[in-house]
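Welcome, and thanks for taking a look at this protein with us. Here is a short briefing to read beside the structure.

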Amino acid sequence: MNIQWYPGHMLETKKLLKDSISKVDAVLEILDARLPNASENPLVDDLCKDTARIKILNKSDLADPRVTDMWLSYFEHQRKLPAFAVCGSEKNQVEKTLSYCISRITRNRARKVKIMVVGIPNTGKSTILNTLAGKKIAKTGNVPAITRHKQRTSLKNNIDIYDTPGILWPVIEPKERAFVLAASGAISDTALDYHEIGLFAAGLVLKKYPNLLLARYSFLNELPKDASDLIEKIGSARGCLKKGGNINYQKAAEILIRDLRSGKIGNISFETPKDIEPTNEII
């Protein structure tokens with residue numbers, strides 16, 4: 001299954017980014033710390049070749065810290081790009097990345113620094129902007145495509161920062177990447193089959209974090225035999241039933257996905273550098 005997801009505002013955003021990148025001093029590229037590869041838009045690499053850029057692995061409070069350290073090492077050693085792991089609502093963490101970004105810019109001190117924030121939907125761009133500003137100036141929400149237009153905010157120390165709408169690419173493939181993005185909430189739920197995504201999420205957690213499942217769902221006396229069995233047990237325990245007592249797999253899958261996205265299951269990373277660089281030794 002290849003998810004095709006390219007609303008009209010994303011096409012407009014691509015044009016906006018292309019026109020705007022040349023006018024800023026640096027780019028903060030916001031990734032989801034749980035899925036840094038899947039949430040990395042290849043369009044950004046193309047558009048930012050000649051612009052100072054920092055990778056920010058946001059939502060690190062939801063990710064597996066051991067795996068996040070692997071990703072930071074990957075970006076530093078394999079990609080030769082500076083990267084920071086942050087929780088977007090933590091002011092000290094976010095300000096540290098901004099200070100580092102500014103330190104890499106060669107500029108005339110008399111003029112304002114212009115920094116653009118980019119990334120796919122639901123990576124927390126607006127949350128980071130609000131944290132830097134010290135007040136709510138951008139809409140936030142745990143759904144994609146909250147920001148629809150470029151927004152400029154003036155910060156202290158002569159800095160202008162631009163928030164941009166999240167942008168995906170026309171066809172998301174391979175299917176594993178599409179599933180990871182869907183499970184994390186980067187793709188609108190209206191484009192998804194919850195049962196199918198739920199099966200993927202169930203299989204991922206069973207494989208990578210089985211002990212967290214047992215801790216979260218006390219009704220599990222033992223690990224389910226497979227993803228479908230896990231969804232069925234959640235549906236049975238949580239009363240997700242149709243007429244006749246049959247399991248409503250759609251509703252059961254929604255419970256699992258919501259728990260996964262919110263961190264209720266625990267600190268989970270959907271992918272590691274070894275998943276994409278099997279021949280490289282990750283330091």
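An open sheet of six strands runs through this predicted model. Its strand order is 4-3-2-5-7-6, and the pairing is mixed. The points below start with that sheet and then move out to the whole protein.

**The sheet**
- Strand 4 (83-85) and strand 6 (151-155) are the edge strands; each has a single partner strand, so one side of each has no neighbour in the sheet.
- On average, neighbouring strands of the sheet are turned by 25 degrees against each other, with direction ignored.
- Strand 3, which covers residues 52-58, pairs with strand 4 in the parallel sense, over three bridges.
- To find this pairing on your screen, look for Ile56, whose bridge partner in strand 4 is Phe84.

**The whole protein**
- The secondary structure amounts to 11 helices and eight strands.
- Of the 283 residues in the protein, 53% are buried.
- Taking contacts between residues at least 6 apart in sequence, 69% join residues at least 24 apart.
- The protein exposes about 13600 Å², and carbon and sulfur atoms supply 46% of that area.

**Confidence in the model**
- The average pLDDT of the protein is 85, and 84% of the residues score at least 70.
- Residues 140-148 have a pLDDT below 50; this stretch makes 26 contacts in the model beyond near neighbours in sequence.
- Residues 278-283 also have a pLDDT below 50, with nine contacts in the model beyond near neighbours in sequence.

Technical notes. Residues numbered from 1 in each chain as written. Predicted model: local features only at pLDDT ≥ 70, side-chain atom pairs only at ≥ 80, totals over all residues. Heavy atoms only, no water. pLDDT = per-residue confidence, 0-100. Contact = heavy atoms within 4.5 Å. Pairing = 2+ DSSP bridges. Helix = DSSP H or I, 4+ residues; strand = E, 2+ residues; numbered from the N terminus. Axes fitted to C-alpha atoms, helices over the stretch in contact; angles between N-to-C directions. Buried < 20%, exposed > 50% of the residue type's maximum accessible area, 1.4 Å probe, protein only. Areas by Shrake-Rupley, 256 points an atom, 1.4 Å probe, with all protein chains shown as cover.
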